[in-house]
Amino acid sequence: MQRVRRIAPWVAGCLLVPVAKAQEPYRQPPEEIVRILEAPPLPWVSVSPAGNVVLFLERESLPPISAMAQPMLRLAGQRVNPATNGRFGPRYLIGMRAKGTDGSEIGEVSVPAETGLGFPSWSADGQRAVYSVTRDATGNTEKSAGVAWGVFDATRGNFSVITDYQANPLGPGPHWMPGGSSFVATFLVKDRGEAPARSAIPTGPIVQENLGGKPAPVRTYQDLLQDSHDELLFEHHFTSQIALVDAASGERREIAPAGLYVEAKPSPDGRYLLVERIQRPFSFLVPWYRFPMSVEVWDLEGNVVATIAQLPLAERVPIQGVITGPRNHQWRATQGTAEIVWVEALDGGDPRTEASERDRVMLLSSPFNGEPREVLRLEDRYRQGRWLAGTSQVLIKEYDRDERWSRSWLVDVDQPDQPGRLVFDHSVQDAYGDPGSPMTTTNPGGHTVLRVVDGHLLLEGRGASPEGDRPFLDLLSLDSLEARRLWRNAGEEYESSVDFLAASPGESVTVLTKRETPTQPPNYYVRNVPWTDGESSRSAITDFAHPAPELLDINKELITYPREDGVDLSATLYLPPDHQEGDVHPLLVWAYPREFNDPAMAGQVRGSPWKFTLFGGSSHLFLLTQGYAILDGATMPVVGDDPETVNDTFLDQIVASAAAAIQEAVRRGVADGERVGVGGHSYGAFMTANLLAHCDLFRAGVARSGAYNRSLTPFGFQAERRTFWEAPETYFRLSPFMHAHKINEPMLMIHGTEDNNSGTFPIQSERMYHAIKGHGGITRLVMLPEESHGYRARESVMHTLAEMVDWFDRWVKAPASE
């Protein structure tokens, strides 16, 4: 529903009366924090499939609160800015700069304050990239708000807006056609008229019913449709017109009548579109992707060649389950083909059903009027299918949720008599055993596929190890399925692959990498790696300076230590810039709990001591500038061999982990064990409130965007699979709200008023505040206007940091005798 900002006259009069709940002006943190926050962020990058051009994407780090206060509609799980008919939110990109991998400058574009750019999508040949251009209504009196499509031409080095501001980015695309001279995109319906107005007088009640007597468990989705007016608004804003756009001229040809399209993907041979469109009835219980769908194949004139599936409303899908009919429709991404692949459940879609096989993968060839054939049956749930460039093979991943185990099979769909070959077989929690992920490319048909280099997949991974992450590149032979190491990061630096650039089979592989050290910011390099023996070499293509020299003297160390039950733990220990040998500091423990089946995997080291030290946004690490030692990412593993009951010991394990972290910092002589604070965001906020309720290790805490009453998430939360009615004792025991009377340390809560994260409704913090206050506890609640689960606006970020500094200074930093 649309936010309503109306103040009745009697309310305006009451504003003169002092009340406990008041709106305070925004505050700023100490000046040294402000200086760091205002440093320009380092750019993101996007690499051409041809490997010769890199787009550096300039970001806006702290948009003004006015960008968050634009009009917003909440429709079927989406947030829409009705002024632009685009997705709600501040702009991310404010410019692009194109540079050759040889270091040459190619071109750049920047935009005015009321305009933002979308992430670019490259054509297969790397000659062009398409992106959205959004023009909002803030300070814009001469030009209307809206969205257009822009194109970067790599051969000319120019950026240009090629369409009018009538694009509809809420629809599918843009998707490049084979050849890269045109793309499929969606536009607003011509002469669609004004959005339907809400009647000031209700026409009747809002009714929902469940007359069939069948269960329909749902997660705590947010921003759902609320009434029939919302349904009309959803249709108005999401209805779009599919068109084929010439990438050079911007001329477009409409393909078919307007509809509620969510996909329109060209086939690899360029003859068809795979179209998915939403149909009525809509739902007030689930987001748009659970609405009824029609899956169809069209020709490029908009004629329906075949209806592949009619998917009903999916309100009754089991928690962590899937629909019972066909799902995950996609083109076979082999160049020059037109075949559709999908997945079907064999266990009724219910993960709790005992079954020897859970899914099967199906394939249907053009002209799409025959019987589909089975490609592969899976023992566990299908997760992903990725096609290999230039082959008829697909890498299919399945996932066992009970064991948290992943297997990937290599299947040749043109050799149906050959069984799939097992390529990867590992626990998803085994960081040390992670084989890495295949690098991708865009094939001539315009589809993302796995890159094949002389009969090998090129794997990149973070390379977790006891000494920290050491990124690597491997070559995996498609014949033997054995991998061999090409390159591994070494030394007192952190370098990771960004994208593939080129290869000379038998000689070398060239990749773009990002290199950084604790004191040197990330810069980009072209690294040449020998195919067999020999030293690799690199050359820099950027030279970014340190954006915040104030942070150069911060000390950082990746540390490990044991928990009392023998589980190994780790954290990154930060010491303030002015730290001297023998200094003892107040300590902040910042963490986020995670569940594990195996204590050995729970104890694996994740992270790197060699990454660049820089933080932004509302990061807790800014407290380093105020003299705090910080244990960042202090691991809080919750270990249990049965995923169904692992949370039964949640409280004992996080308290034991917190005690071990504090003991280690004190043992190292850098922290005062009597002056310790704790904090976390989201599930980390839930952890923080529980630690304050169930132990006396901390003097105060900060909990941001948390959920505290688990009866409000009754069909599961985080990794909890049981419902409230199946495990009421666990839900009660783990809900800090139920133990608010035990919280006898000061707790600051911060929450965005527009939080749309599943489970963390703003009312969670409001009710928790009332509970603590009602029992005489020391607490403060800060509700940030216009903010969601994370905080974006400059004013919100500054205020959050000011609140955190003040809270910890008041309740933690002062010596115990004060």
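In the predicted model, the charged end of R97 sits over the ring of F56, at 5.1 Å from the centre of that ring. An arrangement of this kind also involves R383, which lies over the face of Y399 at 4.1 Å from the ring centre.

R383 falls within the range of strand 25, which spans residues 381–387, and this strand belongs to an open sheet of 4 strands with the order 25-26-27-28 and antiparallel pairing. Strand 25 and strand 28 (421–427) stand at the edges of this sheet, and because each has a single partner strand, one side of each is left without a neighbour in the sheet. From one strand to the next, the twist averages 20 degrees. Strand 27, which covers residues 405–412, pairs with strand 28 in the antiparallel sense over 6 bridges, and within this part of the sheet S406 stands opposite H426 of strand 28.

Aromatic residues contribute a further set of contacts, with 26 aromatic pairs in the structure. One of these is formed by Y683 and F686, whose rings are stacked, with 5.1 Å from centre to centre and 15 degrees between the planes. Both residues lie in helix 7 (residues 683–694), where a spacing of 3 residues places them about one turn of the helix apart. Y683 has a relative accessible area of 2% and is therefore buried, the cut-off being under 20%; F686, at 0% relative accessibility, likewise counts as buried. The two residues also belong to a cluster in which ring pairs link Y592, F650, Y683, F686, F715, F717, F724, W725 and Y731.

A second open sheet consists of 8 strands in the order 39-40-43-41-45-46-47-48, and its pairing is mixed. Its edges are formed by strand 39 (555–562) and strand 48 (779–784), each of which has a single partner strand, so that one side of each is left without a neighbour in the sheet. Neighbouring strands of this sheet are turned against each other by 20 degrees on average, direction ignored. Within the sheet, strand 41 (residues 585–590) is mostly covered, as 6 of its 6 residues are buried. Strand 41 pairs in the parallel sense with strand 45 (residues 671–681) over 5 bridges, and H585 stands opposite A671 of strand 45. Strand 41 is also joined by 4 bridges to strand 43 (residues 629–632), again with the two strands running parallel; here the bridge partner of V589 is L631. Helix 10, formed by residues 794–813, lies across strand 41, strand 45, strand 46 (700–704), strand 47 (747–752) and strand 48, and runs at about 160 degrees to strand 46.

Two individual residues were examined in their surroundings. E495 is placed in strand 35, which comprises residues 494–504, and its relative accessibility of 1% means that E495 counts as buried. The side chain of E495 makes a polar contact of 2.6 Å with the side chain of T513, while a polar contact of 2.9 Å joins the side chains of E495 and R527. When residues up to four places away in sequence are not counted, E495 touches P471, W487, N489, T513, K514, R515, R527 and R538; the two polar partners T513 and R527 are thus found in this list.

Y272 is located in strand 18 (residues 272–278) and is buried, with a relative accessible area of 8%. A polar contact of 3.1 Å joins the side chain of Y272 to that of R271. Apart from its neighbours within four places in sequence, Y272 is in contact with K265, P266, S267, V297, W298, D299, L300, V305, W331, A338, S366 and F368. With respect to G302, Y272 is separated by 30 residues in sequence, whereas the C-alpha atoms of Y272 and G302 are 9.2 Å apart in space.

Conventions:
Residues are numbered from 1 along each chain as its sequence is written. This is a predicted model: local features need pLDDT of at least 70, side-chain atom pairs count only at pLDDT 80 or more; totals for chains, interfaces and linings use all residues. Side-chain values use heavy atoms; hydrogens and water are left out. Two strands pair if DSSP finds at least two bridges between them. Axes are lines fitted to C-alpha atoms, for helices over the stretch in contact, and angles run from 0 to 180 degrees between N-to-C directions. Buried means under 20% relative accessible area, exposed over 50%, partly exposed in between (1.4 Å probe, protein chains only). A polar contact is a pair of N or O atoms within 3.5 Å; within protein, one must be able to donate a hydrogen and the other to accept it, and residues adjacent in sequence count only if both atoms are side-chain atoms. Contact means heavy atoms within 4.5 Å. Rings of Phe, Tyr and Trp (its six-membered ring) pair if their centres lie within 6.5 Å; planes under 30 degrees apart count as stacked, over 60 as edge-to-face and the rest as tilted. A charge sits over a ring if NZ of Lys or CZ of Arg is within 6 Å of the ring centre and within 35 degrees of the ring normal.
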